[in-house]
Amino acid sequence: MLRKQLGVGLVLVLGAVAITPACGSNRSFGNGTDGGGGDSPFASDSPNFTDGNPQGGDTGVKPDCDSSCLTAGGTCNAGVCTIVDNAGNVPSGTQTQLQGGGTADAQFKWLYPYDKTVFARGLLSPTMQFDGSSANFVYVHISCSTLDYKGFYAPASGPLRFALKAASWTAIAEAVQSTKDTLHVEVSKIFNNAVSGPASEDWTMAQGSLRGTIYYETYGSQILGGINSVGIMKIQPGATAPTPVKSGCGNVCHTASADGSTLVANSGSLFNYLVSSSYDLKNNATVVFNAPNEIFTYGGVYPDGSISMSATTYRTWLGGPSRLYDVKTGANIPAPGWDGVITKGGTTAFSPDGKKLAFIHEDKDSGHTLAVADFSLSNKTFSNITDVATDPSTYLAWPAFTPDTKTIVYHGGSNAQFETDSNATGDVFAVDVSSHTVVRLHALDGYLGNGSQNYLPASDPNLSFAPTVLPEAVGGYFWVIFTSHRSWGNTLPSKDNGDQNGKLWVAALDLNAPPGTDGSHPAVFLEGQENGADNLRGFWVLDPCKGDGADCQSGDECCDGFCRKDDAGTLRCVPPPGGCSNEYEKCTTGADCCNPSDQCINGKCAYVPN
């Protein structure tokens, strides 16, 4: 089929959202008294951060509620944000009935989100979805040590699903100031004067806002439409639909550099797809170089976008060899230790620090082995090529390093061409680079405990593919995006459109999960993507950095790595100012970070839960 030969990239932008102080933080800091709660040193996800100049320890005083509590119509008392939200104009008598609970509908239970999900700030409110009958009204009670939210809604008729008001969801996300402070969520419904519930779950809120850009292929986009229903798009934080960037069959089979500067992709037409191109993402994705062959199709791009290792077999039709190329000129770069050693390297991927390359060792067994090589940028030399995972029963593909380069996440699937649909099955795995210990990410995939049972509907597990990882730790976690053909509550069925429509899901990984243990958590459906399109193979990168003097929210937005207030109180990118580094600012070791419990991960200070 043509759609199996051509793909298209779509861009999703998840930006940082500034957050101000919230109540009940259990995070302690060795320096500073300046409160915070967003993505900058002064509106930080980390309270009590300063501009890098120590001013004393944490006073232990419980901060007042976040301003979003008042924006959502709430009140604050002793550090607890209380919100009563009658969004559905529910009569007071019905409110009392709902709060009393009932057992009218034995089928009433959660379908989505999943119990024990880890959410992050900066995303749209999840669409809560339930089995059983519809409802005239619902009552949502969400609580933790710093929050008491009571919402009354009137969902549309039909399958029971609804989302919280945007302001309310933001206030809930920002009120929680500890990954150990569980959000307890209870929902009751009333239908024809009969009450059911509460149905309850527990969620965790990561202490940070997701950021960066996700590039993914899409087919059948209604926004693009017609024969050009494939293309590159972007979506801004909180948007409910993507915006086209490029359309047509030319922008396909892509990867992007970790710094968000460069995109490489197949760039042919409907009748000639054996060519590829590189693009400048800092300049409206203008063409950098048009190659007369497929050297850039699904190439493994170096973190700074300067070079790319070509991939073989999958969608390139290059039988080999896999070689290193200059992204600006298309010139082949000699690579000692690789040239003459590796002929076929499938779905290649550099680590975020650029010191390693992961690839499918196709020379060995045509798709059953994942390998890693050390790489030196200065002399373009590879060394220590090592097989780290082998599975003769599945085809391994789409490796992606975690930001600390200690772990590779990848998929093991049934399709020899690494497809993510065509009735393929697959799961997402993680391998420890040092010990070569492999574990399936059970919670991400939809399984309970050791994977012997599943929490998804019976038809949904074994349908997860093509993961990539945000090259930065956020809020105490690493973040994986992957393709899945599972159902989405009662909105989309399993294997939607005859297994043609995949969707993008996001899951959190624990920062310090020991090798061989499952550090994943149940996944979140990426709200805002087109429900009727096939969205797959996301590549998650940071946005291009900004020069000194530019507005910023956090140091990871700045080329020099620091974001500080100027004399007028405006946050700007600045040269290295001296002193310690705030969360998301540049570091060499953990000792550079203002918060003594932070770790230096991929050159940036990262919050690590106690």
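Does Asp-551 belong in a legend as buried, partly exposed or exposed, and which one is it at 43% relative accessibility? At that value Asp-551 counts as partly exposed, and its salt bridge is taken up in Figure 5. The model shown in these figures is predicted.

**Figure 1. The whole protein has six helices and 42 strands.** Of its 610 residues, 59% count as buried. The protein exposes about 21200 Å², and carbon and sulfur atoms supply 50% of that area. Among contacts between residues at least 6 apart in sequence, 58% join residues at least 24 apart. The search of the whole structure for salt bridges finds 15.

**Figure 2. Strands E28, E29, E30 and E31 form an open sheet in that order.** The pairing in this sheet of four strands is antiparallel. Its edge strands are E28, residues 395-401, and E31, residues 438-440, and each of these pairs on one side only. On average, neighbouring strands of the sheet are turned by 30° against each other, direction ignored. Strand E30 covers residues 426-432 and is joined to E31 by three bridges in the antiparallel sense. Val-431 stands opposite Val-438, which belongs to E31. As general background, side chains in a regular strand alternate between the two faces of the sheet.

**Figure 3. Strand E18 pairs with strand E17 and with strand E19.** Strand E17, residues 262-266, runs antiparallel to E18, and five bridges join them. Five bridges also join E18 to E19, residues 286-291, again antiparallel. Ser-277 can be followed across the three strands: its bridge partner in E17 is Ala-265, and its bridge partner in E19 is Asn-290. E18 and E19 form a hairpin with five residues between them. In the turn of this hairpin, Asn-284 has a positive phi of about 55°. Why is E18, residues 276-280, described as largely enclosed by the rest of the structure? Four of its five residues are buried, so the description follows from that count.

**Figure 4. His-368 sits in a loop, and Leu-111 sits in a strand.** The loop of His-368 runs between helix H4, residues 362-365, and strand E26, residues 369-376. His-368 has a relative accessible area of 14%; because the cut-off for buried is under 20%, His-368 is buried. A polar atom of the His-368 side chain lies 2.7 Å from the backbone oxygen of Thr-394. Leaving aside neighbours within four places in sequence, His-368 is in contact with residues including Ala-389, Asp-391, Pro-392 and Tyr-395. Leu-111 belongs to strand E5, residues 109-112. With a relative accessible area of 24%, Leu-111 is partly exposed. Beyond its neighbours within four places in sequence, Leu-111 is in contact with Gln-129, Phe-130, Asp-131, Gly-489 and Asn-490. Leu-111 and Arg-161 are 50 residues apart in sequence, and their C-alpha atoms are 9.5 Å apart in space.

**Figure 5. Asp-551 and Arg-572 meet in a salt bridge through their side chains.** The N to O distance is 2.4 Å. Asp-551 lies in the loop between strand E38, residues 534-541, and strand E39, residues 563-565, while Arg-572 lies in strand E40, residues 571-573, so the pair ties together parts that are 21 residues apart in sequence. Arg-572 is partly exposed, with a relative accessible area of 26%. In general, side chains of opposite charge can pair when their charged atoms come close.

**Figure 6. Glu-585 forms a salt bridge with Arg-564.** The closest N and O atoms of this pair are 2.6 Å apart. Glu-585 is in the loop between E40 and strand E41, residues 599-601, and Arg-564 is in strand E39; the two are 21 residues apart. Both Glu-585 and Arg-564 are buried.

**Figure 7. Lys-604 forms a salt bridge with Glu-472.** Their closest N and O atoms are 3.9 Å apart. Lys-604 lies in strand E42, residues 604-606, and Glu-472 in the loop between strands E34 and E35, so the pair ties together parts that are 132 residues apart in sequence. Lys-604 is buried, with a relative accessible area of 17%. Glu-472 is buried too, at 3%. Salt bridges that share partners join Arg-211, Glu-472, Asp-556 and Lys-604 into one network.

How values were computed: Residues are numbered from 1 along each chain as its sequence is written. This is a predicted model: local features need pLDDT of at least 70, side-chain atom pairs count only at pLDDT 80 or more; totals for chains, interfaces and linings use all residues. Side-chain values use heavy atoms; hydrogens and water are left out. Two strands pair if DSSP finds at least two bridges between them. Axes are lines fitted to C-alpha atoms, for helices over the stretch in contact, and angles run from 0 to 180 degrees between N-to-C directions. Buried means under 20% relative accessible area, exposed over 50%, partly exposed in between (1.4 Å probe, protein chains only). A polar contact is a pair of N or O atoms within 3.5 Å; within protein, one must be able to donate a hydrogen and the other to accept it, and residues adjacent in sequence count only if both atoms are side-chain atoms. Contact means heavy atoms within 4.5 Å. Accessible areas come from the Shrake-Rupley method with a 1.4 Å probe; for residues, only the protein chains shown count as cover. A salt bridge is a side-chain nitrogen of Lys or Arg within 4 Å of a carboxyl oxygen of Asp or Glu.
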